[in-house]
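Here is a short briefing for a reader new to this structure. Take a look at the sequence and the fold, then read on.

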Amino acid sequence: VEFGTTEDASRAIEDLNGAELDGRDILCRVDRGTPNRTRNNNNDGGNRRQRQPKQQRPPREPLPEGLPSANIFIGNLSWEVNNDGLDELLNGFDIEEANVQTRPDGKSRGYALVRCASLEEAQRAIEELHGQDMMGRPLVVKFDAK
């Protein structure tokens, strides 16, 4: 982002650095440009080497689906979804237990594990919820692999 004045840029850094956005901390600082990473040509035995370009990674393989059971995985959840939001999503299904998985600091991991009352209820939940939009994100719902 470019600002019209140095004061505006400094104020933005002061106000935004360390702020939280979608459950993540923002790093806001002055752009220092691209560092010069060329080989040391001083003939002084320098050991700085030029980096090779990063290799393009192949797309990730989708997570495997588990065998049919009463346990389902609900993924691609927004960071804002908590257990109350999950309960609202699952209203109308016969659920024994449902929990959004969290990190040790309490922030969402972006998925939930659900135990349905039966295999048939789990299958119904998968059929009805997979691909459904929740907070602008299409849900991934499948049998839990564990």
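How many residues lie between β4 and β5 in their hairpin, and which residue in the turn has a positive phi? Five residues separate the two strands, and the residue with the positive phi is G106, at about 95 degrees. The model is predicted. The points below cover its strands, its salt bridges and one buried glutamate.

**Strand pairing**

- Strand β4 covers residues 95–102, and strand β5 covers residues 108–116.
- The two strands run antiparallel, joined by six bridges.
- Across this pairing, T102 faces S108 of β5.
- E97 likewise has a partner in β5, standing opposite R115.
- β5 also pairs with strand β3, which spans residues 71–75.
- That pairing is antiparallel too, with five bridges.
- Within it, I74 has A112 of β5 as its bridge partner.

**Salt bridges: the overall count**

- The whole structure holds seven salt bridges.
- Three of them are described here, by residue pair: R11 with D8, E96 with R115, and D105 with R103.

**A salt bridge within helix α1**

- R11 and D8 join their side chains in a salt bridge, with N to O at 2.6 Å.
- Both residues sit in helix α1, which runs over residues 6–16.
- They are about one helical turn apart, because three residues separate them along the helix.
- R11 is partly exposed, at 45% relative accessibility.
- D8 is partly exposed as well, at 30%.

**A salt bridge between strands**

- E96 and R115 form a salt bridge whose closest N and O atoms are 3.1 Å apart.
- E96 belongs to β4 and R115 to β5, so this pair ties together parts that are 19 residues apart in sequence.
- R115 counts as partly exposed, with a relative accessibility of 35%.

**D105, R103 and a network**

- D105 meets R103 in a salt bridge, with 2.8 Å between the closest N and O atoms.
- D105 has a relative accessible area of 49%, so this residue is classed as partly exposed.
- R103 falls in the partly exposed class too, at 26% relative accessibility.
- Elsewhere, salt bridges with shared partners link E96, E97 and R115 into one network.
- Within that network, R115 is also the residue that stands opposite E97 in the strand pairing.

**E121: buried or exposed?**

- E121 counts as buried, because its relative accessibility is 13% and the cut-off for buried is under 20%.
- This glutamate is part of helix α3, residues 119–129.
- A polar atom of the E121 side chain lies 2.7 Å from the backbone nitrogen of D94.
- D94 is also among the residues that E121 touches.
- The others are G92, F93 and C116, leaving aside residues up to four places away in sequence.

Definitions and conventions:
Residues are numbered from 1 along each chain as its sequence is written. This is a predicted model: local features need pLDDT of at least 70, side-chain atom pairs count only at pLDDT 80 or more; totals for chains, interfaces and linings use all residues. Side-chain values use heavy atoms; hydrogens and water are left out. A salt bridge is a side-chain nitrogen of Lys or Arg within 4 Å of a carboxyl oxygen of Asp or Glu. Helices (H or I, at least four residues) and strands (E, at least two) are DSSP runs, numbered from the N terminus. Buried means under 20% relative accessible area, exposed over 50%, partly exposed in between (1.4 Å probe, protein chains only). Two strands pair if DSSP finds at least two bridges between them. A polar contact is a pair of N or O atoms within 3.5 Å; within protein, one must be able to donate a hydrogen and the other to accept it, and residues adjacent in sequence count only if both atoms are side-chain atoms. Contact means heavy atoms within 4.5 Å.
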